[in-house]
Amino acid sequence: MHLKKLILSAAAAATLIAGQVGITPALAQPRWVPPGNDPNGYYSESDRNGYYDRDGRYRRIRGMGGGGGYGRDYGPPPPPPPPPAAANYYEQGRYEDSCRRGNTTAGTIFGALAGGLIGGAASRGNGGAIAGGVVVGGLLGNVISRDIDCEDQPTAYRVYGDSLNGDIGRPYGWSNRGNRGEFTSVREYRRGGMVCRDFTTTTYRRGDRFTRTGTACRDIGTGNWRFD
């Protein structure tokens, strides 16, 4: 009898201490657990999604969502996210053919990993620059594209990248098949965490002259320049 009293006293003291230090004691199957779960499992008031069985393995509580079964309560795991889209780098010949057919070429990257001529990252205007390619697209980019023949665009866009990664105020020129042009970065600043540059570009094509001004910003994730 004396031993039984000692055990009961010790159990009561442990419960009291657990409550004082904020530990939720493990319980036998409480009333809120639906029938069909392990009556000998270890349950906690702070976790009403699962319990530990006698072997120490965590189990989901069945029947909590009205489905009445483990698989129907929680269902299969969600599918994995789709893989990131592959970068659309310039491919000689394929780009020009698509451009001549009038197909969209927006999103094509010129320079950098595409074997372009971009490399002069260190400059007076941007000493810590990361050399990146030029991404065709956007309203302004599409306007500029119409000024340049499809066969001349790869040459021109690589020079655009040289300027955006190069010296501010210096004209960078290109020429191809009798057509030519210049691209000049005129100012650099930060906008929303991105490095941006205002520019002016002039294209001479078969006797016509096209001059555009605008802004290009370098994407934080890829380092590539996009036209606003």
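Let's start at Tyr-42, a residue of strand E1. This is a predicted model, and in it Tyr-42 is partly exposed, because its relative accessible area of 47% falls between the limits of under 20% for buried and over 50% for exposed. Tyr-42 also has company on the surface: together with Tyr-52 and Tyr-58 it forms a nonpolar patch, and the three share about 330 Å² of accessible area.

**The sheet around E1**

Strand E1 belongs to an open sheet of 3 strands, ordered E1-E2-E3 and paired in the antiparallel sense. E1 and E3 stand at the edges with a single partner strand each, so one side of each has no neighbour in the sheet. On average, neighbouring strands here are turned by 35° against each other, direction ignored. Looking at the E1 and E2 pair, you will find 2 bridges in the antiparallel sense. Ser-44 stands opposite Asp-47 of E2.

**Helix H4 and its partners**

Further along the chain, which residues of helix H4 are buried? In this helix, residues 138-147, they are Leu-140, Gly-141, Val-143, Ile-144, Ser-145 and Asp-147. An α-helix has 3.6 residues a turn, so residues three or four places apart point the same way. The buried residues of H4 pack against one helix and several strands, listed here with their residue ranges.

| Element packed against H4's buried residues | Residues |
|---|---|
| Helix H5 | residues 153-164 |
| Strand E8 | residues 194-205 |
| Strand E9 | residues 208-218 |
| Strand E10 | residues 225-227 |

Notes. Residues are numbered from 1 along each chain as its sequence is written. This is a predicted model: local features need pLDDT of at least 70, side-chain atom pairs count only at pLDDT 80 or more; totals for chains, interfaces and linings use all residues. Side-chain values use heavy atoms; hydrogens and water are left out. Two strands pair if DSSP finds at least two bridges between them. Helices (H or I, at least four residues) and strands (E, at least two) are DSSP runs, numbered from the N terminus. Axes are lines fitted to C-alpha atoms, for helices over the stretch in contact, and angles run from 0 to 180 degrees between N-to-C directions. Patches are made of residues with over 30% relative accessible area and no salt bridge: like charges are joined within 9 Å, nonpolar side chains (Val, Leu, Ile, Met, Phe, Trp, Tyr) within 5 Å. Accessible areas come from the Shrake-Rupley method with a 1.4 Å probe; for residues, only the protein chains shown count as cover. A salt bridge is a side-chain nitrogen of Lys or Arg within 4 Å of a carboxyl oxygen of Asp or Glu. Buried means under 20% relative accessible area, exposed over 50%, partly exposed in between (1.4 Å probe, protein chains only). Contact means heavy atoms within 4.5 Å.
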